[in-house]
Amino acid sequence: MYEILSREDLAPVTKLFEVRAPTVARKARAGHFVIVRIDEEGERVPLTIADSDRERGTITLVFQEVGKTTMQMGTMQPGDQFASCTGPLGLPSEIERYGTVLLVGGGVGIAPIYPIARELKEAGNTVLSVIGARNQDLLFWEDKMRTVSDELTVCTDDGSYGRKALVTIPTKEMLEAGRPIEHIWAIGPAIMMKFCALTTRPFGVPTTVSLNSIMVDGTGMCGACRVEVGGRTRFVCVDGPEFDGHQVDWDQLLARQRIYLEQEKQATETWKHQCQCGS
Amino acid sequence: MSEAIKPMPQDRMKVPRQEMPTQEPAVRAHNFIEVALGFPDQSAALEAMRCLQCKKPKCVEGCPVGVNIPAFIGRLREGDLPGSARSLKSDNNLPAICGRVCPQETQCEVVCVVGKKSMPVAIGRLERYVADWDLGHPSPPPAVPPPTGKKVAVIGSGPAGLTCAGDLARYGHQVTIFESLHAPGGVLIYGIPEFRLPKHIVHAEVNYVCSLGVDLRLNEVIGKTYTLDELLEQEGYEAIFLGTGAGLPMFMHIPGENYNGVYSANEFLTRVNLMKAYLFPNWDTPVKVGRKVAVVGAGNVAMDSSRCALRLGAEEVHIVYRRSSEEVPARAEEVHHAEEEGIIFDFLTNPVEIFGDEKGWVRGMRCMRMKLGEPDASGRRRPLPVEGSEFDMDVDMVIMALGTHPNPLVFTESGGLERTRHGTVVADEKTGKTTKDRVWAGGDIVTGAATVISAMGAGKQAAADIDRFLRGEAVPAAGAAATAAVG
């Protein structure tokens, strides 16, 4: 079970796995996530489902190597298996016929934005998309995004590819130009989502974000992922992961994402050390 | 035990209740090894002698799963350990677990006739002794009747689900347990710490249930991976037992509860027990441990949380409880063990606000002193705040152990299940039948947070009723005589 069928290196630190998980694929929809464990000693890590294939019984996961678990995951190859893969979890994206929609994907957030863009397109929306990353190395899926977008803007923070801009810049320009945008999705690192929400707020356009809190079980049992949205404590795993970006307490989310910073550093160093000794 | 001893009844009464050795408090407060070490053979033999083998045993009535206590103690007394284990396991699928975590002092032992003149027979310790012997001497699983061909889904692999599944398999039905986590056992695995219930014991007893022919499907979340209606209508299950417990944590809804360093007891215990954060970084999951920790609440979960925090290296751990020592809901033994280990109890104290520093970490907690007023709906005296009694506790970690609610995830897109305003499922007290066709429920999902053994009792009753239903015998009308939620 949960065998990696194929692997694609989207960028030096961004990897894609197609994983056999028929019971997850059966129900997976845009916006859903899974919780995976590498091995018996592994932590439970939430990853958004970037794509799924019901017939083949597979799901696609995209992740960026940032700490011990994701770095170790980056060494896994086709034929390797996850110890567990649970899902689909969370609530799916609210796909409707809005009219014109804007999809903003930053960094590894391009992966979860893609299935939402595809479903919105299939639902008859005019899809405007902006994808961006720090530099060209971190960009991926421009081609896939182009197939589901009526208009695509690609940018990098350092100008190494596409337009030199943060994703908030083209977003703001489109809103200022009076494009008839009914709904916006912005997915990426918390800080990017925070600034997207701040950018769109003055224009009053509903902006959905997908929060990436720390989780354990992913089923509402522990409350690790809790964050205030509109003054109420919500559990990202069961009430989200998508919320109204204008209502999220971003500073609380950012603080809560840093709870285990020290331990993450320790684990990463221990792991790197073991790797060096082992190889 | 080498030979059976046959004393006269009057001699039996002279044998004192045998003490079970434990790790020294000062030592065990720094390790996760089991606190209680179990009876040595000699103590078990002496303790078994104390049983009077009553013709009408009160202890059996006191046991929620009706274990034939005199029978297994009788065999033990005769030196027939295999026979004793067989007898015990014919009534109870999880004896090594029950021998450790059951509140025998309020169930079988409180009604023991020996207890009228002296201390009751240590039934729980004997149960543990026999069950542990059995785990060390594997025997083939008991024969099950020919398959009936009927498929039953059991949701949740905690005490209620495991008991129900084991009994249904013994009736000859084809049982599948669906578990959302990556390890079976429910609260036995994520909640109760290693030092009170070693996980190898849980694994061994889960394996025993599987050896009866039960199929276990991990990592499948009912309500997400499959809905209840899909199981009934598309996946070919003829009946469902819901044993998903009460897994949703409660918070106080006071300011500052989302600061870093405030945990639900569920999260803290899950990180420590299921994810083995006490073995970090060899195991990947971390947990933060404060210097000074406040655990809010005084149930068994609060005791477990406080003792885990101590073992992880906290300098000072407080139990903060709004009522007095009289109302503490935890087992006396757990409170005693916690006190021995140095946990500080702050009674008649209630948090009103948690303070944080500029980085969002807990740096203190404001509390009020309480006094007890008239009894409330629970029959306990209502705690009332003492005006002007606010004071600040210097803590850097807070664990909320306030109780839990059933997780509503399992009901997703499946109608027809009546629930109380506490979120518990309405089910017949005797049979566990819910208001939904072909669905039974038992354990904390019906009663709200309660004990392992009461959940097992409910699982057993439901298994019997599901068996009657599958055999085409009459079942009571759906949801008749519903139980009230304990809350």
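Helices (H or I, at least four residues) and strands (E, at least two) are DSSP runs, numbered from the N terminus. The model is predicted, and local features need pLDDT of at least 70, while side-chain atom pairs count only at pLDDT 80 or more. Residues are numbered from 1 along each chain, and side-chain values use heavy atoms.

**Exercise 1.** Determine whether the length of helix H3 of chain A agrees with its expected span.

*Solution.* The expected span is 1.5 Å times one less than the number of residues. Helix H3 of chain A covers residues 110-122, 13 residues, and should therefore span 18 Å. Its end C-alpha atoms are 18 Å apart, which agrees. After H3(A) comes Gly124(A), with a positive phi near 95°.

**Exercise 2.** Establish how far H3(A) is enclosed by the rest of the structure.

*Solution.* Buried means under 20% relative accessible area, exposed over 50% and partly exposed in between (1.4 Å probe, protein chains only). Ten of the 13 residues of H3(A) are buried, so the helix is largely enclosed. Among them are Ile110(A), Tyr114(A) and Leu120(A). Tyr114(A) has a relative accessibility of 7%.

**Exercise 3.** Classify the ring pair of Tyr114(A) and Trp141(A).

*Solution.* Rings of Phe, Tyr and Trp (its six-membered ring) pair if their centres lie within 6.5 Å; planes under 30 degrees apart count as stacked, over 60 as edge-to-face and the rest as tilted. The whole structure holds 13 aromatic pairs over all chains. For Tyr114(A) and Trp141(A), the centres are 5.3 Å apart and the planes at 70°, so the pair is edge-to-face. The pair ties together parts that are 27 residues apart in sequence, because Tyr114(A) lies in helix H3 and Trp141(A) in the loop between strand S8 (126-133) and helix H4 (142-148) of chain A.

Definitions and conventions:
Chains are lettered from A and ligands numbered from 1 in the order in which they are written.
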